[in-house]
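Could you walk me through this fold, from the overall layout down to a few individual residues? I'd like to read it with the coordinates open in a viewer.

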Amino acid sequence: KHDLSRVRIKAYTKIKELYSLDDEMPIKAFNYFMKYRNKVILFDQAEDILIYLNKRYILGTITNGNASLEKIGIKKYFNFEIKASEVGVMKPDKKIFMAAIQKSSFKSSEIVHIGDSYDKDIVGAMSVNMNYIWLNHLDIETKLVESKNIIKIFAELPQILKNFK
């Protein structure tokens, strides 16, 4: 379940079998999906913010998904990428966050994890004593996260990061 590419191909294979479709259908369907999976529309000012952050911080990603930073066009801003398919577990499992800590060569208390999923990103970061910022697009109310650790739009990120120096 931690390798979404394999999960999708298995699902397409099941559809192929159910409907007696062409043997190449699962791979063709997956390739079609991935073509559009990597056509990402970045948040307003995202690339400018990534340029700014890249000059000041070591940047890494932790992903459960299978999008390609290279195909999206933003790999150049990141120093490393941790993928669930490579680690063998998905966020919020501690193991994937520990992989990021190891790759970064920093202590967990020196890292700020930024994520948009409370259950996957924030819970995972808290489990390894990482600092965190919740990109709460949907304005979900909770008392489990201090308001000083919440932003609603990506453009707020550079300002809130100053609180972690």
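What follows is a tour of the model, from the whole chain to single side chains.

Keep in mind from the start that this is a predicted model. The protein has 8 helices and 5 strands. Going from the N terminus, the elements come in the order α-α-α-β-α-β-α-α-β-α-β-β-α. Fit principal axes to the C-alpha trace and you get a span of about 60 × 35 × 30 Å. Of the 165 residues in the protein, 38% are buried. As for how far along the chain the contacts reach, take those with a separation of 6 or more: 41% of them join residues 24 or more positions apart.

Let's go to the sheet. It is an open one, made of 3 strands in the order 3-4-5 with parallel pairing. Strand 3 (112–115) and strand 5 (150–151) sit at the edges, each pairing on one side only. Between strand 3 and strand 4 (residues 131–135), which run parallel, there are 4 bridges. Helix 7 (residues 118–127) packs on this sheet and touches both strand 3 and strand 4, with its direction making about 165 degrees with that of strand 4.

Now zoom in on strand 3. In a regular strand, side chains alternate between the two faces of the sheet. Here, His113 and Gly115 are on the covered face of strand 3, while Val112 and Ile114 are on the uncovered one. Across the pairing, histidine 113 stands opposite tyrosine 132 in strand 4, and glycine 115 stands opposite tryptophan 134 in strand 4.

Histidine 113 deserves a longer look. Is this residue of strand 3 buried or exposed? Its relative accessible area is 8%, below the 20% cut-off, so histidine 113 counts as buried. What does its side chain make a polar contact with? The partner is the side chain of aspartate 121, at 3.0 Å. If you leave aside its neighbours within four places in sequence, histidine 113 is in contact with Ile62, Phe97, Asp121, Ala125, Met130, Asn131, Tyr132 and Ile133.

Next, the aromatic rings. A pair of aromatic rings is described by the distance of the centres and the angle of the planes. The count for this model comes to 3 aromatic pairs. One of them is formed by tyrosine 118 and tryptophan 134, with 5.6 Å centre to centre and 55 degrees between the planes, a tilted arrangement. This pair links distant parts of the chain, with tyrosine 118 in helix 7 and tryptophan 134 in strand 4, 16 residues apart. Both ends are worth checking for burial. Tyrosine 118 has 18% relative accessibility and so counts as buried; tryptophan 134 is buried too, with a relative accessible area of 2%.

Let's move back along the chain to helix 3 (residues 46–56). Its buried residues are Ala46, Ile49, Leu50 and Leu53. Why do they line one face of the helix? Looking down the axis of helix 3, you find these buried residues within an arc of 100 degrees, so they line one face. They pack against helix 8 (157–161). Over on the other side of helix 3, Asp48 and Lys55 are exposed.

Finally, some backbone geometry that you may want to check yourself. Most residues other than glycine have a negative phi, and most peptide bonds are trans. Serine 20 has a positive phi of about 50 degrees although it is not a glycine. You'll find serine 20 in the loop between helix 1 (4–18) and helix 2 (25–37), and it is exposed, with a relative accessible area of 67%. Serine 105 also isn't a glycine, yet its phi is positive, at about 65 degrees. This serine 105 is in the loop between helix 6 and strand 3, and its relative accessible area of 66% makes it exposed. Then there's the peptide bond from lysine 91 to proline 92, which is cis, with omega near 15 degrees. Proline 92 is found in the loop between helix 5 (84–87) and helix 6 (94–104).

Notes. Residues numbered from 1 in each chain as written. Predicted model: local features only at pLDDT ≥ 70, side-chain atom pairs only at ≥ 80, totals over all residues. Heavy atoms only, no water. Pairing = 2+ DSSP bridges. Helix = DSSP H or I, 4+ residues; strand = E, 2+ residues; numbered from the N terminus. Contact = heavy atoms within 4.5 Å. Axes fitted to C-alpha atoms, helices over the stretch in contact; angles between N-to-C directions. Buried < 20%, exposed > 50% of the residue type's maximum accessible area, 1.4 Å probe, protein only. Arc of directions from axis to C-beta. Polar contact = N/O pair within 3.5 Å; in protein donor to acceptor, adjacent residues only side chain to side chain. Phe/Tyr/Trp six-rings, centres within 6.5 Å; stacked < 30°, edge-to-face > 60°.
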